[in-house]
Amino acid sequence: MQNRIDQLFAKKQHGVLNIYCTAGFPELNDTLPVMTALQQHGADLIELGMPFSDPLADGPVIQDSSTRALKNGMSLHTLFEQLAGFRNTIQVPVILMGYFNPVLTYGVEAFCAKCAEVGIDGIIVPDLPMAEYENEYKPVFEKYNLHLIFLVTPETSEARIRKIDSLSKGFLYAVSSSSTTGKDKDMNDQQAYFERLKELQLSNPVLIGFGIKDKATFDAATAHANGAIIGTAFIKAIENSRNIDETVKSFIETIK
Amino acid sequence: MDIAINTGNSRYQVDKNGYYGRFGGAYIPEMLYPNVEELQSQYLSILSDPSFQQEFEALLTDYVGRPSPLYFAKRLSEKYKANIFLKREDLNHTGAHKVNNTIGQILLAKRLGKNRIIAETGAGQHGVATATVCALMGLECVVYMGSIDIERQAPNVARMKMLGATVVPATSGSRTLKDATNEAIRDWINNPVDTHYILGTAAGPHPYPDMVARFQSVISEEIKKQLLAKTGSENPDYVVACIGGGSNAAGAYFHYLDREDVKLVAVEAGGKGVHSGFSAATTQLGTIGIIHASKTLLMQTSDGQITEPHSISAGLDYPGIGPMHAHLYESGRAQFLSATDDEALAAAYELSLLEGIIPAMESAHALAKLKDLPLKKEDVVVVCLSGRGDKDLETYIRHMNK
């Protein structure tokens, strides 16, 4: 079967909305209700965060969601239990995002096998460097038809962007500014960088993330890329939600 | 005083990919790639530049007060029936070995054109050493420190502030050294161009473990010369050092790594007992994983969540060890022991009363294992006395009143 991420970009090249949510947040068993609501109300892609004790690339909001999910009892084992059978109801592509240590401890091959079994399409591991992936783990991810999605930043050289593009599958995650997640930086300052990415005519679609929080930032980002990723703003929206479906619906309405 | 550069084909030195055996590497997010790549590609050429070495040497001599004495501890030797020497890093300016590394890194930062310095600190010794060199060079300094450590190391917090540094409390996670390091790394991600991160221990992404070990290697370089003058041989039977991340141990072992007849002893913090649930004995409790961008041994749950260590000593309260030490442990080159909080306290009192030296709580862990080594009376033992105990007086006083 063709990877669902590829299927998505085959039919939609503009305005792709990817929403991030930490698994097991705000409550342990909210993972599937959040995913269901995201699909229902128009998210094109779902990025599910695997909580970690030491999320180095994340700002305070996503850190706190991770801490709360861990306190709720979330673990990789529990997550895979929750995800068993989710493909019966959810068709949009789903990506797992998380740090390398829990994956390494789970066992990289066992992790990939489990992802394939439950129906995960792609993986983002921000602290798995390109060289390590290429030398050691690429065949395993490919064996299970999992797309590994790499990040590029405004500081990434053109040569390195091309190299990352050649190793990435699914799409490229373009970090809008050099920062942890959830930082406010002026999107207009990033326009030159977005233009530059566009001019490179990369082989992968590009989604822009970090600092996308509302319609204005979403539109600014998607003017130059295939879509954008929202994380921190969504976590803030649902952290005190009493009705997940309602909250997700109204959040997405403000973006689209 | 040369910074060790040409180390040949050591089994224990870093390889060209940044690994020690299967440990090490640079598991960094892409946002840190330019910063780390800049260091990786430039640190060796900067360190080997004669003008850099001259400046480093001059500051170590005139500012830090090196060479630090190698002191024959007569009464301690009588008690343990061996020849015990103390490498007096506690007599350095700022009171610990940490300043060897911060002098080196601030000179490196200047050559890289950085004007803002960040650091993490546990006991505050590295924070003070960093604030000191920033004042010396007129650079902005931000130190991240766990909010729990800020409470238990108040004198060092005051020193950093007096030296002009901004001390930022790390309030995430266990609110100790691990979390201060996370916050420093996050700061670096957010300030990729103008900022140099002075990491204080032989851990973190390549090239930090190697770079810090090289700056600290002055410790074993001096031991060799001093021991030769005092005993006729530059090689002791034992080198003993405490280990949190492992910077004083890395420096004390460095020039002995390939002398397999010199026994290397690393003492971890056993806390309230290795299996009490309140310990920082990483090699006994840890498994392989990634902490602070390095593949090494660390304390974690079966689900890969990094756990919260415990030690009475803020400087050893770290759930990992540097990758060089993980390799020394796994290869059997170094013997790893652990000392409990109580053993370390007893050793601190013993050194104070026998030698008139109040050691740092961290260094007391190394002293605490003298009683467990199978010492013979002709044995020569060097203990790295990594720091002085002024900062720990409150802990010592509390214990005294018990």
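Glu222(B) counts as buried, since its relative accessibility of 6% falls below the 20% under which a residue is called buried. In this predicted model, the partner of Glu222(B) is Arg66(B), with which Glu222(B) forms a salt bridge whose closest N and O atoms are 2.8 Å apart. The pair links distant parts of the chain, because Glu222(B) lies in helix α10 (residues 218-231) of chain B while Arg66(B) lies in the loop between α2 (50-64) and β3 (70-72) of chain B, 156 residues apart. Arg66(B) is likewise buried, at a relative accessibility of 3%. The pairing does not stand alone, for salt bridges that share partners join Arg66(B), Lys87(B), Glu89(B) and Glu222(B) into one network.

**Salt bridges in chain A**

Side chains of opposite charge can pair when their charged atoms come close. A search of the whole structure finds 38 salt bridges over all chains, and two that belong to chain A are described here beside the one from chain B.

In chain A, the side chains of Asp121(A) and Arg87(A) meet in a salt bridge with an N to O distance of 2.7 Å. This pair also links distant parts of its chain: Asp121(A) sits in the loop between α6 (108-118) and β4 (122-124), and Arg87(A) sits in the loop between α4 (76-83) and β3 (94-97), the two being 34 residues apart. Both Asp121(A) and Arg87(A) are buried.

The side chains of Asp219(A) and Lys215(A) form another salt bridge, with 3.2 Å from N to O. Because these two residues are four residues apart in helix α10 (residues 215-222) of chain A, about one helical turn separates them. Asp219(A) counts as partly exposed at 33% relative accessibility, and Lys215(A) also counts as partly exposed, at 40%.

| Salt bridge | N to O distance |
|---|---|
| Asp121(A) and Arg87(A) | 2.7 Å |
| Asp219(A) and Lys215(A) | 3.2 Å |
| Glu222(B) and Arg66(B) | 2.8 Å |

**Chain B as a whole**

Chain B has 16 helices and 14 strands. Its radius of gyration is 19 Å, close to the 21 Å that the globule rule gives for 402 residues, so chain B is as compact as a globular protein of that length. Taken along the principal axes, the C-alpha atoms of chain B fill a box of roughly 55 × 45 × 40 Å.

Buried residues make up 66% of the 402 residues in chain B. Among the contacts in chain B with a separation of 6 or more, 74% are accounted for by residues 24 or more positions apart. The accessible surface of the chain comes to about 13,500 Å², and 52% of that surface belongs to carbon and sulfur atoms. Chain B carries 38 positive and 45 negative charges, and the mean positions of the two sets are 4 Å apart.

**The surroundings of Gln300(B)**

Gln300(B) is found in the loop between β12 (294-298) and α13 (323-330) of chain B, and with a relative accessible area of 13% this residue is buried. Leaving aside its neighbours within four places in sequence, Gln300(B) is in contact with Asn101(A) and Thr105(A) from chain A, and with residues of chain B including Thr287(B), Ile288(B), Gly289(B) and Gln305(B). Of these, Gly289(B) is eleven residues from Gln300(B) in sequence, and the C-alpha atoms of the two are 8.4 Å apart in space.

Terms used: Residues numbered from 1 in each chain as written. Chains lettered and ligands numbered in written order. Predicted model: local features only at pLDDT ≥ 70, side-chain atom pairs only at ≥ 80, totals over all residues. Heavy atoms only, no water. Salt bridge = Lys/Arg side-chain N within 4 Å of Asp/Glu carboxyl O. Buried < 20%, exposed > 50% of the residue type's maximum accessible area, 1.4 Å probe, protein only. Rg over C-alpha atoms; globule rule 2.2 N^0.38 Å. Contact = heavy atoms within 4.5 Å. Areas by Shrake-Rupley, 256 points an atom, 1.4 Å probe, with all protein chains shown as cover. Lys, Arg positive; Asp, Glu negative; His and termini not counted. Charge placed at Lys NZ, Arg CZ, Asp CG, Glu CD.
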